[in-house]
Amino acid sequence: MDNFQIETAQNVSIQQNIAGIGERILAYLIDLLIIVAYFIVAIFIVGALALDFGDQWAFWLMIGLPPFLYFLLWETFWDGKTPGKAAMKLKVVRLDGSRPAFSGYLIRWLLRVIDISLASGGIAVVAILFKGTGQRLGDMAAGTTVISEKQKVKFHQTILVDIPDDYKPVYPQVTVFSDAEMRKIKGIFYDARRNGNHNIILELSNKISGIMQVEPQEKPIHFISKVLEDYNYYTQK
């Protein structure tokens, strides 16, 4: 499942890592196993204690109420998670990344009957695949989605760059930077280069050379590339 980006009311971009269909199904199966285990244990306890329930309706209401409210209660009181979602590192959030109100959890819970129960999850799967924002019908109505909290680090988000075995560094001063600072430099540089923002590249080059106290002999774009390569040489060898 792809990520999607939204703009908050404060014009801040938020990248949501949408939970995949497989992850959501596994989370649901874990929760289902917990519910089945609850029924088995509850019935075993009642049988072992030889409890007499003259009113069978009251008995099944007492036994069945926790599973009936399972998803609503867990998500409401555990920050959008159930045990299954927690195991898969998933959670329910609003589309702007914030925590839903109780009404949001309630709406998506009520529509589980249509999304999941009536069609064995078929409607939910179709809606999620076609919507593109990880939303089943209940999520669309509630303005929520399910995201993955797993950190998926891509190569360009690390400090790593490819350098040959016979690489010759030029700027030993790069060691004044930390890994976190170099990741930030790399991220800004790659974004600016991809978008053709030459002014940002020039400002970044000036900032880096000032901190390193060197006078670059290359053009800004080549200087920053060299700094990244030199940092890898000195920190990875």
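These are my notebook entries on packing, aromatic contacts and one helix in a predicted model.

**Entry 1. The largest nonpolar core**

I began with the largest nonpolar core, which has 17 residues. I asked which of its residues touch the most other members, and found I208, M212, F223 and I224. I then looked up where the core residues come from: helix 9 (179-195), helix 10 (198-212) and helix 11 (220-236) each supply at least two. Helix 11 gives the largest share, five residues. As general background, I noted that nonpolar side chains tend to be buried together in soluble globular proteins.

I next listed the contacts of F223, setting aside residues up to four places away in sequence. F223 touches Y171, S205, I208, S209, M212, V214, P216 and E218. Two of the core residues named above, I208 and M212, are thus in the contact list of F223.

**Entry 2. V174**

I located V174 in the loop between strand 4 (144-148) and helix 9. Is V174 buried or exposed? I found a relative accessible area of 0%, so V174 is buried. Leaving out residues up to four places away in sequence, I recorded contacts of V174 with M212, V227, D230, Y231 and Y234. I also looked up the separation of V174 and N232, which are 58 residues apart along the chain; their C-alpha atoms are separated by 9.4 Å.

**Entry 3. Helix 9**

I checked the length of helix 9 against expectation. At 1.5 Å a residue, its 17 residues should span 24 Å, and the end C-alpha atoms are 24 Å apart, which agrees. I then asked which residues of helix 9 are buried, and found M182, I185, K186, F189 and A192. Viewed down the helix axis, the buried residues fall within an arc of 140°, so they line one face of helix 9. I noted that K184, R194 and N195 are exposed on the other side of the helix. The buried residues of helix 9 pack against helix 10 and helix 11.

I also examined the residue that follows helix 9. It is G196, and its phi is positive, near 70°. Within the helix, I found the charged end of R193 over the ring of Y190, 4.8 Å from the ring centre.

**Entry 4. The second core and S148**

I found a second, separate core of 12 residues, which includes A19, Y70, L72 and L90. I then turned to S148, which is in strand 4. S148 has a relative accessible area of 5%, so I entered it as buried. What does S148 contact beyond its neighbours within four places in sequence? I listed N17, I18, A19, E23, K89 and L90. Of these contacts, A19 and L90 are also members of the second core.

**Entry 5. Aromatic pairs**

I searched the whole structure for aromatic pairs and obtained 10. I examined the pair Y70 and F71: the ring centres are 5.0 Å apart and the planes lie at 75°, which is over the 60 degrees required, so the pair is edge-to-face. Both Y70 and F71 are buried. I asked which aromatic cluster holds these two residues, and found that Y28, Y70, F71, W74 and W78 form it.

I closed with the surroundings of F71. R112 lies over the face of F71, at 3.7 Å from the ring centre. Y70 thus appears in my notes both as a member of the second core and as part of the aromatic cluster.

Note on methods: Residues are numbered from 1 along each chain as its sequence is written. This is a predicted model: local features need pLDDT of at least 70, side-chain atom pairs count only at pLDDT 80 or more; totals for chains, interfaces and linings use all residues. Side-chain values use heavy atoms; hydrogens and water are left out. A nonpolar core is a set of buried Ala, Val, Leu, Ile, Met, Phe, Trp, Tyr and Cys residues joined through side-chain atoms within 4.5 Å. Buried means under 20% relative accessible area, exposed over 50%, partly exposed in between (1.4 Å probe, protein chains only). Helices (H or I, at least four residues) and strands (E, at least two) are DSSP runs, numbered from the N terminus. Contact means heavy atoms within 4.5 Å. Rings of Phe, Tyr and Trp (its six-membered ring) pair if their centres lie within 6.5 Å; planes under 30 degrees apart count as stacked, over 60 as edge-to-face and the rest as tilted. A charge sits over a ring if NZ of Lys or CZ of Arg is within 6 Å of the ring centre and within 35 degrees of the ring normal. The expected span of a helix is 1.5 Å times one less than its number of residues. The arc is that of the directions from the helix axis to the C-beta atoms.
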